[in-house]
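I opened this entry to record what I looked up in the model, one topic at a time.

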Amino acid sequence: MDHQHTEHHHHHDKAPKNYWLGASLVLAFLAIGGYFLWQYWPTLMINTIKWQREINGQLSDLIYDAKDHNGAIYSLAGLSFLYGVFHSLGPGHGKMIVTTYLATNPAKVKASLIMTVVSAFLQAFVAIALVSILLAFFNSSMREINSAADRFITLSFVAMLLLGVIVAYRALKQAWQLIKQQKHHHAHSHDCGCGHKHFANAEEINQATSMREYLAIIASIGIRPCTGAVLVLLFANMVDMYWIGVVSAILMAIGTAITTSTIAIMTLSGKKLVTKYLSASDDHQPSFTPLAFKLLGGILLIVLGTILLNSQSYGMSPVL
């Protein structure tokens, strides 16, 4: 019995060392990554704006050509789809939210894919609804519609920041629960037979809140209308072919959904490999590692939300 207790004690000492080593490496990586992001963010934004203007010009030309040539409709459909695929590879908060959350929180592949697909389509539908309502009921100008889209975008950045606060708060709350459970465990012997369940594993701790967090993520991404979709809808309305704008917006959403879903799967696969490599703690012991990562994810979302709110001063055309 003493031998088992000593072995258990040694393992208990080993786990925190592995945890702190892993945490230190992750923090060092994030610090270096954060520094480079901070340094090159303005350049990245300027290049993104330049590329976006070029492709927007091509989209508008194809919409005007579509009025006289049916062949241009197919070209527009293809370019809209590719716009969705490649545009969503650029720097933008949709992927930032998804990758940050999935990398730092327990998540299932099916739920993650549903989340990314629904978010992409919601962006397109918000754009269609916003432009349609402003044109039909308020006869708004292009400038007024773009201004309304900007307000929605600012709102989505605030939603991202609030999501970060919620995730960080829940991680701290769950960590406190684990600390209390540990104290309870030390008050009883390991095999006290008191009938109490001393520990809740990471899965049990997180499953109660993950669905609400998924909905919050969908809302924070989806509330942001796709600027590419807003643009094609406005140009399509100018040539009296609004339906082409709607179809184009939906094709953009399909392209975006493919890219973000692929990124989500890659994130989860990478996380699985890292978790397998770092997992050295005993299953019977409560692990703070998932909660530490969850807290880190919340902090990252707060930082990214703040950066994106400030990025609007670059005149960035926002929806990625």
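**Loops with positive phi**

I began with Asp240, which is exposed at a relative accessible area of 66%; I use buried for under 20% relative accessible area, exposed for over 50% and partly exposed for in between, with a 1.4 Å probe and protein chains only. The model is a predicted one, in which local features need pLDDT of at least 70 and side-chain atom pairs count only at pLDDT 80 or more, while totals for chains, interfaces and linings use all residues. Residues are numbered from 1 along each chain as its sequence is written, and side-chain values use heavy atoms, with hydrogens and water left out.

Asp240 sits in the loop between α7 and α8, and its phi is near 60°, a positive value in a residue other than glycine. I noted Asn139 beside it in my list, since its phi is also positive, near 50°, and it too is a residue other than glycine. Asn139 belongs to the loop between α4 and α5 and is exposed, with a relative accessible area of 67%. As background, most residues other than glycine have a negative phi.

**Overall make-up**

I then looked up the whole protein, which has nine helices and zero strands; helices (H or I, at least four residues) and strands (E, at least two) are DSSP runs numbered from the N terminus. Of the 320 residues, 41% are buried. The accessible surface comes to about 17400 Å², and 67% of this belongs to carbon and sulfur atoms; these areas come from the Shrake-Rupley method with a 1.4 Å probe, and for residues only the protein chains shown count as cover. Among contacts (heavy atoms within 4.5 Å) with a separation of 6 or more, 86% are between residues 24 or more positions apart.

**Nonpolar cores**

What makes up the largest nonpolar core? I found 31 residues in it, and those with the most contacts inside it are Leu59, Ile63, Val131, Ile145 and Met252; a nonpolar core is a set of buried Ala, Val, Leu, Ile, Met, Phe, Trp, Tyr and Cys residues joined through side-chain atoms within 4.5 Å. Two or more residues of this core come from each of α1, α2 (71-87), α4 (109-138), α5 (142-187), α7 (227-238) and α8, and α7 gives the most, with seven residues. A second, separate core has 20 residues, including Met96, Ile153, Ile218 and Leu268.

Leaving out residues up to four places away in sequence, I found Leu59 touching Leu76, Leu79, Ser80, Tyr83, Val232 and Met252. Leu76, Leu79, Ser80 and Tyr83 are among the buried residues of α2. That helix has 17 residues and reaches 24 Å from its first C-alpha to its last, close to the 24 Å expected at 1.5 Å a residue, the expected span being 1.5 Å times one less than the number of residues.

**Helix α8 and its partners**

Ser248 lies in helix α8 (residues 242-278) and is buried, at 3% relative accessible area; beyond its neighbours within four places in sequence, it contacts Ser80 and Val232. Tyr242 is also placed in α8, but it is partly exposed, at 22%. With residues up to four places away not counted, Tyr242 touches Ile128, Val131, Ser132, Leu135, Leu233, Ala236 and Asn237. Tyr242 and Val232 are 10 residues apart in sequence, and their C-alpha atoms are 8.8 Å apart in space.

**Salt bridges**

How many salt bridges did I find? The count comes to two, where a salt bridge is a side-chain nitrogen of Lys or Arg within 4 Å of a carboxyl oxygen of Asp or Glu. Glu213 and Arg170 form one of them, at 3.3 Å from N to O; Glu213 lies in helix α6 (residues 202-222) and Arg170 in helix α5, so this pair ties together parts that are 43 residues apart in sequence. Glu213 also pairs with Lys294, with the closest N and O atoms 3.6 Å apart; Lys294 is in helix α9 (residues 289-311), so this pair ties together parts 81 residues apart in sequence.

I checked the burial of each partner: Glu213 is buried at 1% relative accessibility, Arg170 is buried at 18%, and Lys294 is buried at 1%. Arg170, Glu213 and Lys294 are thus recorded here as linked in a network of salt bridges.
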